[in-house]
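Dear colleague,

Please find below the structure that I am handing over to you. A summary of what was found in it follows.

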Amino acid sequence: MISSLNQTIEHDEREEEKGDNQLFSIKNLLWHGGSVYDAWFSCASNQVAQVLLTLPYSFSQLGMLSGIIFQVFYGLLGSWTAYLISILYIEYRTRKEKENVSFKNHVIQWFEVLDGLLGPYWKAIGLAFNCTFLLFGSVIQLIGCASNIYYINDNLDKRTWTYIFGACCATTVFIPSFHNYRIWSFLGLGMTTYTAWYMTIAAFVHGQVENVTHSGPTKLVLYFTGATNILYTFGGHAVTVEIMHAMWKPQKFKYVYLVATVYVFTLTLPSASAVYWAFGDKLLDHANAFSLLPRNAWRDAAVVLMLIHQFITFGFACTPLYFVWEKVIGMHDTKSICLRALARLPVVIPIWFLAIIFPFFGPINSAVGALLVSFTVYIIPSLAHMLTFRSATARQNAAEKLPRFIPNWTIMFIVNAFIVVWVFVVGFGFGGWASMANFINQVDTFGLFAKCYQCPTRSPPSNHTAHH
């Protein structure tokens with residue numbers, strides 16, 4: 001979903017002149033990635049992680065038809081805004097390189113692009129949304145870990161597992177930075193692919209439950225909660241600029257994201273619809289799909305793989321926060337690893353604390369989607385694009401020409417304005433209202449610091465929110 005904002009990949013390690021005579025050692029194969037394929041791996045593996053497990057829950061809120069339509073719609077919207085981000089990046093880079101600025105040892109980040117094209121206020125807005133988004137992203141990873149491991153070993157309740165995983169994830173403070181990401185994205189994609197197909201096949205093998213009902217959509221609150229969870233799924237590109245910067249030819253990025261999204265559809269659509277087909281309305285109070293699938297070696301394997309994936313994602317969501325924090329307190333250039341690790345602890349502790357206060361695995365995704373992702377990923381890039389190219393000179397000197405299917409700038413503006421309005425009204429407005437209402441409902445039902453959220457034995461299904 002979210003990887004790191006700062007994939008600081010050193011540029012001097014590879015210049016474009018590298019001919020074919022280079023010896024392909026194993027290390028080069030695993031570490032130094034800048035090709036189109038690497039970007040594709042990074043995009044696809046960041047797109048889905050544990051959201052895969054909550055999509056069937058969204059389908060039960062939306063109904064099958066709406067679920068599929070929303071997935072395709074938000075998938076395309078996400079690809080479009082990723083394309084806008086890539087245009088803005090190339091625009092920023094060409095403007096700076098005309099002024100002879102070299103980006104040899106510097107990784108361009110999204111807020112710098114905003115700063116360069118639109119000024120300091122935009123930079124502040126971009127940074128604020130991005131950091132909050134990453135903070136809650138890390139919280140969700142932690143909750144996800146506890147929620148998943150519980151289905152392998154339920155001797156301890158989920159809250160205790162959160163303590164344990166919080167301690168494990170705190171070890172990421174010792175990792176200075178993630179330079180090279182190739183092998184991780186490769187593994188991550190393998191893990192999610194396995195899990196998705198396991199879910200699909202297991203659901204079909206299991207068959208439909210007795211008297212299965214597919215009553216969704218029934219309530220507006222649930223309908224919009226489900227829709228914002230899907231908005232969140234395809235809003236995993238707080239990192240687009242960093243992945244692009246790591247490419248040798250950033251111009252090609254615009255197709256990469258679309259292809260990655262299409263691949264993600266082959267994972268999310270079959271798995272979510274199959275699980276929903278098999279279990280129907282039971283999913284309304286089982287936000288984690290693992291909780292309904294029968295327990296066997298295949299499921300345990302899927303759980304373990306998801307855990308590893310979440311640990312990696314946690315590291316990637318946290319590292320940029322560490323960097324921002326280090327820069328704030330002026331420790332960013334410290335050589336000693338232990339000192340830096342100590343300085344980073346204040347970042348991990350609030351994340352850990354939040355994960356213990358709000359262990360609501362499904363609803364928290366929707367809340368983050370409505371309040372943060374809607375702005376970070378959809379509204380800000382579209383607005384930034386409209387403002388950057390509002391003058392005629394900027395349009396004439398644009399580094400990237402308009403795509404083939406859009407004849408003129410007017411239509412471009414209309415499309416962007418539509419995205420801003422749609423996401424603001426449906427995503428932030430209705431979605432924010434619905435997911436907050438659902439969230440407050442969870443707090444009323446389970447209480448803050450819930451010991452074991454949606455565990456089978458302790459809470460009889462009658463007091464679940466979905467049945468009110």
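The protein contains 16 helices and zero strands. Please bear in mind that this is a predicted model. Of its 468 residues, 57% are buried. The protein exposes about 19300 Å², and carbon and sulfur atoms supply 68% of that area. Among contacts between residues at least 6 apart in sequence, 86% join residues at least 24 apart.

I turn next to the interior. The largest nonpolar core has 128 residues, and the members that touch the most others are Tyr74 and Tyr378. With neighbours within four places in sequence left aside, the contacts of tyrosine 378 include Tyr74, Leu77, Gly78 and Thr81. Tyrosine 378 is also in contact with Leu231, Phe234 and Gly235, as well as with Val373, Ile419 and Val423. In general terms, nonpolar side chains tend to be buried together in soluble globular proteins.

The charged pairs deserve separate mention. A search of the whole structure finds four salt bridges, and three are described here, beginning with two in helix α4, which spans residues 64–98. Glutamate 91 and arginine 95 are joined through their side chains, with an N to O distance of 3.1 Å. Both residues lie in α4, four residues apart, or about one turn of the helix. In an α-helix there are 3.6 residues a turn, so residues three or four places apart point the same way. Glutamate 91 is buried, its relative accessible area being 4%, whereas arginine 95 is partly exposed at 32%.

The second pair in helix α4 is glutamate 97 and arginine 93, which are likewise four residues apart. Their closest N and O atoms are 3.2 Å apart. Here arginine 93 is the buried partner, because its relative accessibility of 18% is under the 20% limit for that class. Glutamate 97, at 38% relative accessibility, counts as partly exposed.

A further salt bridge links the side chains of lysine 123 and aspartate 115, at 3.9 Å from N to O. This pair counts because the limit for a salt bridge is 4 Å. Lysine 123 is partly exposed, with a relative accessible area of 29%, and aspartate 115 is partly exposed with 30%.

Aspartate 115 falls within the range of helix α5, residues 110–118. The buried residues of helix α5 are Trp110, Phe111, Glu112, Val113, Leu114 and Leu117. Just after α5, glycine 119 adopts a positive phi of about 100 degrees.

As to the cysteines, the count of disulfides comes to zero. Cysteine 145 is buried at 1% relative accessibility, while cysteine 168 is partly exposed at 34%.

Finally, the surface carries a nonpolar patch of about 590 Å², made by Leu220, Val421, Phe424, Val425, Phe430 and Trp433. Helix α16, residues 409–446, contributes the largest share of this patch, namely five residues. Phenylalanine 430 is found in helix α16 and counts as partly exposed at 40% relative accessibility. Helix α16 also spans positions 419 and 423, and Ile419 and Val423 are among the contacts of tyrosine 378.

With kind regards

Terms used:
Residues numbered from 1 in each chain as written. Predicted model: local features only at pLDDT ≥ 70, side-chain atom pairs only at ≥ 80, totals over all residues. Heavy atoms only, no water. Buried < 20%, exposed > 50% of the residue type's maximum accessible area, 1.4 Å probe, protein only. Disulfide = S-S within 2.5 Å. Core = buried A, V, L, I, M, F, W, Y, C linked by side-chain atoms within 4.5 Å. Contact = heavy atoms within 4.5 Å. Patch = residues over 30% accessible without salt bridge, like charges linked within 9 Å, V, L, I, M, F, W, Y side chains within 5 Å. Areas by Shrake-Rupley, 256 points an atom, 1.4 Å probe, with all protein chains shown as cover.
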